[in-house]
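User: I have not looked at this structure before. Please take me through its core and its pockets.

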Amino acid sequence: MKRLPDSELEVMLILWHHNTPTSTKDIHNLTDNKNKPIQITQTLLSRLQDKGFVECSKQNNSNMFKPLIDEESYRKSETSSFIEKLYSNSTSKLMATLIEDISDEELDEIKRLLNMKENQ
């Protein structure tokens, strides 16, 4: 799956959290670009559509967008790429980095998740 630039990812996060088709105007008002021309958001949505990340439909003279790629799939793809590039595909190396400055609560949560995985 293709990695998205931060500006396009911001739009996708809005769409994923809305869970319903969302208008260009509503998306624009929720982005960091809300004080800039709406054409910026239209361009981002057009790029996302070309990449196959969103679908556009017409509703009452408005373009409505919905995601075609779910957030979890994108997150898994990005995480795999990150681990591959920075940790030589080693999850244990990543975990070693993550647990250096971890709180007791977070450590307990990780232990719980590992126990769940072991018992599957």
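The questions and answers below cover a core, one residue and two pockets.

User: What kind of model is this, and how are its residues numbered?

Analyst: This is a predicted model, in which local features need pLDDT of at least 70 and side-chain atom pairs count only at pLDDT 80 or more, while totals for chains, interfaces and linings use all residues. Side-chain values use heavy atoms, with hydrogens and water left out, and residues are numbered from 1 along each chain as its sequence is written.

User: Which element gives the largest share of the largest nonpolar core?

Analyst: A nonpolar core is a set of buried Ala, Val, Leu, Ile, Met, Phe, Trp, Tyr and Cys residues joined through side-chain atoms within 4.5 Å. The largest one has 14 residues, and those touching the most other members are Val11, Met12, Leu15, Ile27, Leu48, Phe53 and Val54. Two or more residues come from each of helix 1 (6-18) and helix 3 (38-50), helices being DSSP runs of H or I with at least four residues, numbered from the N terminus. The largest share, 5 residues, is from helix 1.

User: Which residues is Met12 in contact with, leaving aside its neighbours within four places in sequence?

Analyst: Contact means heavy atoms within 4.5 Å. With those neighbours set aside, the partners of Met12 are Leu4, Leu48, Phe53, Val54, Pro67 and Ile69.

User: Is Thr41 buried or exposed?

Analyst: Thr41 lies in helix 3. Beyond four places in sequence, Thr41 is in contact with Thr24, Ile27, His28 and Thr31. Buried means under 20% relative accessible area, exposed over 50%, and partly exposed in between, with a 1.4 Å probe and protein chains only. Because its relative accessibility is 0%, Thr41 counts as buried.

User: What is the volume of the largest pocket?

Analyst: On a 1 Å grid over the protein atoms alone, a pocket is an open set of points where a 1.4 Å probe fits, with protein on both sides within 12 Å along at least five of seven lines; lining residues have an atom within 4 Å of a point. The lining includes Glu72, Arg75 and Lys76, and its largest share, 6 residues, comes from helix 4. A volume is the space filled by probe spheres set on the points, and for this pocket that is about 290 Å³.

User: How many nonpolar residues are in the lining of the second largest pocket?

Analyst: This pocket has a volume of about 190 Å³. Its lining is Met95, Ile110, Leu113, Leu114, Met116 and Lys117. Ala, Val, Leu, Ile, Met, Phe, Trp, Tyr, Cys and Pro count as nonpolar, Asp, Glu, Lys and Arg as charged, and the others as polar. The lining has no polar residues, 1 charged, and, as nonpolar, 5.
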